[in-house]
Amino acid sequence: MILAFSLLMVSVGTVSAAAAGYDVVEQFGSQTVTIDGKWTTTDEWHDTAVQRLGTPQTGLFEYKVNSPDSYVTINIQLLLEFADNTNDAGDRWQICFGTGGETATAPTSGDNKFEVEGHTTFKTYVGTGTGWSLTSNPAGISWKDSLTSSPHDPATHYVLEVQFDKMTYSWGASYPPYGFRIAMYDASNPSQGWISWPPTSTDTNPSGWGQIAGYSMDPVPEGLTVGLMLVLSSVAVAISVRYFRKPLKL
Ligand SMILES: [Ca+2]
Ligand SMILES: [Ca+2]
């Protein structure tokens with residue numbers, strides 16, 4: 001089984017039409033996530049990589065997966081943070097998934113867009129071949145955002161947590177790669193526009209998205225002592241604060 005995954009991962013790089021360099025590896029988290037729109041525990045999100053958005057940086061996201069039932073359900077868990085501290089009806093969080101290595105320049109039926117409108121409404125879209133059409137939210141979707149501080153930034157800003165079963169979708173029921181895009185919009189700062197990952201991507205052109213490029217079967221680092229984990233977390237916090245906080249104008 002591990003060999004099969006390895007071969008799959010090797011083949012990933014040769015089929016990609018996604019934005020170069022915007023790749024995330026899917027990994028199971030070791031920390032329990034509570035979807036409450038904030039860091040519930042000190043290390044809740046310190047077990048996966050931080051991806052940064054904006055130049056200078058104004059946002060970030062983290063991605064991991066979890067299975068409560070021996071891989072029948074595989075939950076994608078996402079953390080998004082944004083240097084926005086104003087509650088506007090026009091604020092948006094945007095998350096796009098689809099088939100990896102896409103060359104399509106418009107969303108197809110294998111693509112999905114999730115959007116949070118004004119911190120109140122979660123909407124799911126499916127590609128039509130030319131754009132997006134509203135569809136039902138995934139069963140068991142759970143999401144929450146709030147104005148809070150975090151280990152990435154002590155200033156008050158919006159933090160979003162999302163969890164849903166990727167097996168609900170055709171792209172998610174197979175192994176990565178998945179096309180993947182994250183974007184954020186602060187309606188109080190229209191001149192800033194959309195902040196996106198990859199930076200020049202748009203929701204309507206999957207060929208420019210990044211990717212969940214591969215799958216790691218590496219075990220959770222059980223060999224690390226709690227003490228070392230805390231040291232690593234502290235380093236991550238120090239680095240995150242240094243690089244995330246400075247550009248913020250909150
Ligand atoms: Ca939480
Ligand atoms: Ca706002």
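Which protein donors does the calcium ion (ligand 1) have? That was my opening question for this notebook. A reminder to myself before going on: this is a predicted model.

**Entry 1: calcium ion, ligand 1**

I looked up the donors and wrote them down: Thr34 (O), Asp36 (OD), Lys38 (O), Thr40 (OG1), Glu44 (OE), Glu44 (OE), Glu161 (OE) and Glu161 (OE). They lie 2.3 to 2.7 Å from the ion. Glu44 and Glu161 each turn up twice in that list.

Then I checked how the donor residues are spaced in sequence, and I got T-x1-D-x1-K-x1-T-x3-E-x116-E. The x116 made me look at where the two glutamates sit. Glutamate 44 is in the loop between strand E1 (23-26) and strand E2 (50-53), while glutamate 161 is in strand E10 (residues 153-165). They are 117 residues apart, and the pair links distant parts of the chain.

Are these two glutamates buried or exposed? Glutamate 44 has 0% relative accessibility, so I put it down as buried. Glutamate 161 also goes down as buried, because its relative accessible area is 0%.

**Entry 2: calcium ion, ligand 2**

Next I went to the other ion. For the calcium ion (ligand 2), the protein donors are Asp84 (OD), Asp84 (OD), Thr86 (O), Thr86 (OG1), Asp88 (OD), Asp91 (OD), Asp91 (OD) and Asp186 (OD). Their distances from the ion run from 2.3 to 2.6 Å. Thr86 gives both its O and its OG1.

The spacing here reads D-x1-T-x1-D-x2-D-x94-D. I followed up the two ends of that pattern. Aspartate 84 lies in the loop between strand E4 (75-82) and strand E5 (92-99), and aspartate 186 lies in the loop between strand E11 (178-185) and strand E12 (195-197), so this pair ties together parts that are 102 residues apart in sequence. I checked the burial too: both aspartate 84 and aspartate 186 are buried.

**Entry 3: a cavity**

How many cavities of 30 Å³ or more are there? I found one. The volume of the largest cavity is about 30 Å³. Its lining is made of Phe82, Asp84, Asp91, Arg92, Trp93, His119, Tyr158 and Tyr185. I sorted these by class and got four nonpolar, one polar and three charged residues. Two names rang a bell: Asp84 and Asp91 are in this lining, and they are also among the donors of the calcium ion (ligand 2).

**Entry 4: His119 and Ser70, two odd phi angles**

I remembered that most residues other than glycine have a negative phi, so I went looking for exceptions. His119, from the cavity lining, is one: the phi of histidine 119 is near 65 degrees, a positive value. Histidine 119 is in the loop between strand E6 (112-117) and strand E7 (121-127). Its relative accessibility is 14%, so histidine 119 counts as buried.

Serine 70 also has a positive phi, of about 55 degrees, and it is not a glycine. I found serine 70 in the loop between strand E3 (59-66) and E4. Serine 70 counts as exposed because its relative accessibility is 63%.

**Entry 5: cis peptide bonds**

Most peptide bonds are trans, so I noted the cis ones I came across. Proline 176 and proline 177 are joined by a cis peptide bond, with omega about 25 degrees. Proline 177 is in the loop between E10 and E11. Tryptophan 197 and proline 198 are joined by a cis bond as well, and here omega is about -5 degrees. Proline 198 sits in the loop between E12 and strand E13 (210-215).

**Entry 6: Ser174 and His152**

Serine 174 is in the loop between E10 and E11. At a relative accessible area of 38%, serine 174 is partly exposed. A polar atom of its side chain lies 3.2 Å from the backbone oxygen of tryptophan 171. I also checked serine 174 against threonine 99: they are 75 residues apart in sequence but 9.5 Å apart in space, C-alpha to C-alpha.

Histidine 152 is in the loop between strand E9 (142-150) and E10. Histidine 152 is buried, with a relative accessible area of 0%. What does its side chain contact? I found a polar contact with the side chain of glutamate 62, at 2.8 Å.

**Entry 7: the whole chain**

Last, I zoomed out. The chain has two helices and 13 strands. It has 250 residues, and 49% of them count as buried. Among contacts between residues at least 6 apart in sequence, 62% join residues at least 24 apart.

Note on methods:
Residues are numbered from 1 along each chain as its sequence is written. Chains are lettered from A and ligands numbered from 1 in the order in which they are written. This is a predicted model: local features need pLDDT of at least 70, side-chain atom pairs count only at pLDDT 80 or more; totals for chains, interfaces and linings use all residues. Side-chain values use heavy atoms; hydrogens and water are left out. Donors are N, O and S atoms within 2.8 Å of the metal (3.2 Å for Na, K and Ca); water is not among the atoms, so sites may look incomplete. Helices (H or I, at least four residues) and strands (E, at least two) are DSSP runs, numbered from the N terminus. Buried means under 20% relative accessible area, exposed over 50%, partly exposed in between (1.4 Å probe, protein chains only). On a 1 Å grid over the protein atoms alone, a cavity is a set of points where a 1.4 Å probe fits but cannot get out, and a pocket is an open set with protein on both sides within 12 Å along at least five of seven lines; lining residues have an atom within 4 Å of a point. Grid points are joined across faces, edges and corners, and a volume is the space filled by probe spheres set on the points. Ala, Val, Leu, Ile, Met, Phe, Trp, Tyr, Cys and Pro count as nonpolar, Asp, Glu, Lys and Arg as charged, and the others, Gly among them, as polar. A polar contact is a pair of N or O atoms within 3.5 Å; within protein, one must be able to donate a hydrogen and the other to accept it, and residues adjacent in sequence count only if both atoms are side-chain atoms. Contact means heavy atoms within 4.5 Å.
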